[in-house]
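Open the model in your viewer and keep the sequence panel beside it. This tour goes from the whole chain to helix pairs and then to single residues.

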Amino acid sequence: NDDDKKQDPVWKQRFAQLEALGFEWEVNSWQERLHEVREYKEVNGHCRVPIKYERNKKLGRWVSKMRCFYKHNDKKQDPVWKKRFAQLQALGFEWEVNFSVEDVWQERFEELCLYKETNGHCRVPSTYKENRKLVNWVYLMRKYHKEHDKKQDSVWKKRFAELEALGFEWKVAVNSWQER
């Protein structure tokens with residue numbers, strides 16, 4: 001039964017690994033999203049879809065993932081992904097965008113979600129060379145969490161709650177040592 005597989009930890013990990021590699025469960029989803037980016041550009045004059053695009057949340061997340069894949073994976077060497085990146089490039093897709101502070105937070109959070117999908121946890125090691133920005137961001141989140149004034153701020157309360165819902169651990173030194 002497919003529903004049983006979705007609950008099985010081994011299958012959950014396999015599904016997460018496939019999704020982290022960009023596997024698409026719906027065959028036409030790549031073409032659909034590409035079409036949606038094209039439509040977005042026709043209306044807005046650019047391809048900078050916000051990460052939290054209210055009209056199409058899937059598209060916002062997808063665009064963010066494409067930037068992550070382009071920046072932090074070796075997909076550039078894969079012929080299928082080369083073609084996909086070229087299609088986005090032809091639309092005028094921007095791989096580096098100057099986002100607001102909230103957008104940067106959302107981008108790092110999305111990267112952390114991808115990291116968790118691949119690794120099964122949110123404990124990004126300080127030696128993680130694939131994404132140094134994520135390493136620094138995780139360090140800052142733990143530092144900010146210790147600061148009393150940030151815990152009182154409603155924006156930070158919401159962010160901390162999102163991290164905790166993802167399974168983020170505020171203290172990892174003991175756990176890291178035990179895992180070795």
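Helices here are DSSP runs of H or I with at least four residues, numbered from the N terminus. With that in hand, colour the chain by secondary structure. The pattern along the sequence reads α-α-α-α-α-α-α-α-α-α. That is 10 helices and zero strands in the protein chain. Keep in mind that this is a predicted model.

**Whole chain**

Stay zoomed out and colour by accessibility. Of the 180 residues in the protein chain, 37% are buried. Now turn to contacts between residues at least 6 apart in sequence: 56% of them join residues at least 24 apart.

**Stop 1: helix 6**

Select residues 101-119. This is helix 6, with 19 residues. From its first C-alpha to its last it reaches 27 Å, close to the 27 Å expected at 1.5 Å a residue.

Next, show the side chains of its buried residues. They are W105, Q106, E107, R108, F109, E110, E111, L112, C113, L114 and Y115. Step just past the end of the helix to G120. There, phi is positive, at about 80°.

**Stop 2: helix 6 against helix 9**

Keep helix 6 and add residues 154-166, which form helix 9. Which way do the two run relative to each other? Helix 6 and helix 9 pack at an angle of about 10°, with their axes 11 Å apart. Angles under 35 degrees count as roughly parallel, and therefore helix 6 and helix 9 are roughly parallel to each other.

Show the side chains in the contact. Helix 6 brings E102, W105, Q106, F109, L112, C113 and K116. Helix 9 brings W156, R159, E162, L163 and L166. By class, the residues of this contact between helix 6 and helix 9 are seven nonpolar, one polar and four charged.

**Stop 3: helix 7 against helix 9**

Hide helix 6, leave helix 9 on screen and add helix 7, residues 132-146. Helix 7 and helix 9 pack at about 120°, with their axes 11 Å apart. That angle makes helix 7 oblique to helix 9. The crossing of helix 7 past helix 9 is left-handed.

Turn on the contact side chains again. From helix 7, pick W137, M141, Y144 and H145. From helix 9, pick W156, F160, L163 and E164. The contact of helix 7 with helix 9 has six nonpolar residues, one polar and one charged.

**Stop 4: M141**

Centre on M141, in helix 7. Is this residue buried or exposed? M141 counts as buried, because its relative accessibility is 2%, and the cut-off for buried is under 20%.

Not counting residues up to four places away in sequence, M141 touches W105, W156, F160, L163, F168 and W170. Draw a distance from M141 to W156, C-alpha to C-alpha. The two are 15 residues apart in sequence and 9.7 Å apart in space.

**Stop 5: S64**

Move to helix 4, residues 57-72, and centre on S64. S64 is buried, with a relative accessible area of 3%.

Which residues does S64 contact, leaving aside its neighbours within four places in sequence? The contacts are I51 and E110. You have met E110 already, among the buried residues of helix 6.

Finish with one more C-alpha to C-alpha distance, from S64 to W95. The pair is 31 residues apart in sequence and 9.5 Å apart in space.

Notes:
Residues are numbered from 1 along each chain as its sequence is written. This is a predicted model: local features need pLDDT of at least 70, side-chain atom pairs count only at pLDDT 80 or more; totals for chains, interfaces and linings use all residues. Side-chain values use heavy atoms; hydrogens and water are left out. Axes are lines fitted to C-alpha atoms, for helices over the stretch in contact, and angles run from 0 to 180 degrees between N-to-C directions. Helices (H or I, at least four residues) and strands (E, at least two) are DSSP runs, numbered from the N terminus. Angles under 35 degrees count as roughly parallel, over 145 as roughly antiparallel, 65 to 115 as roughly perpendicular and the rest as oblique. A crossing is left-handed if the near helix is turned anticlockwise from the far one by less than a right angle, and right-handed if clockwise. Contact means heavy atoms within 4.5 Å. Ala, Val, Leu, Ile, Met, Phe, Trp, Tyr, Cys and Pro count as nonpolar, Asp, Glu, Lys and Arg as charged, and the others, Gly among them, as polar. The expected span of a helix is 1.5 Å times one less than its number of residues. Buried means under 20% relative accessible area, exposed over 50%, partly exposed in between (1.4 Å probe, protein chains only).
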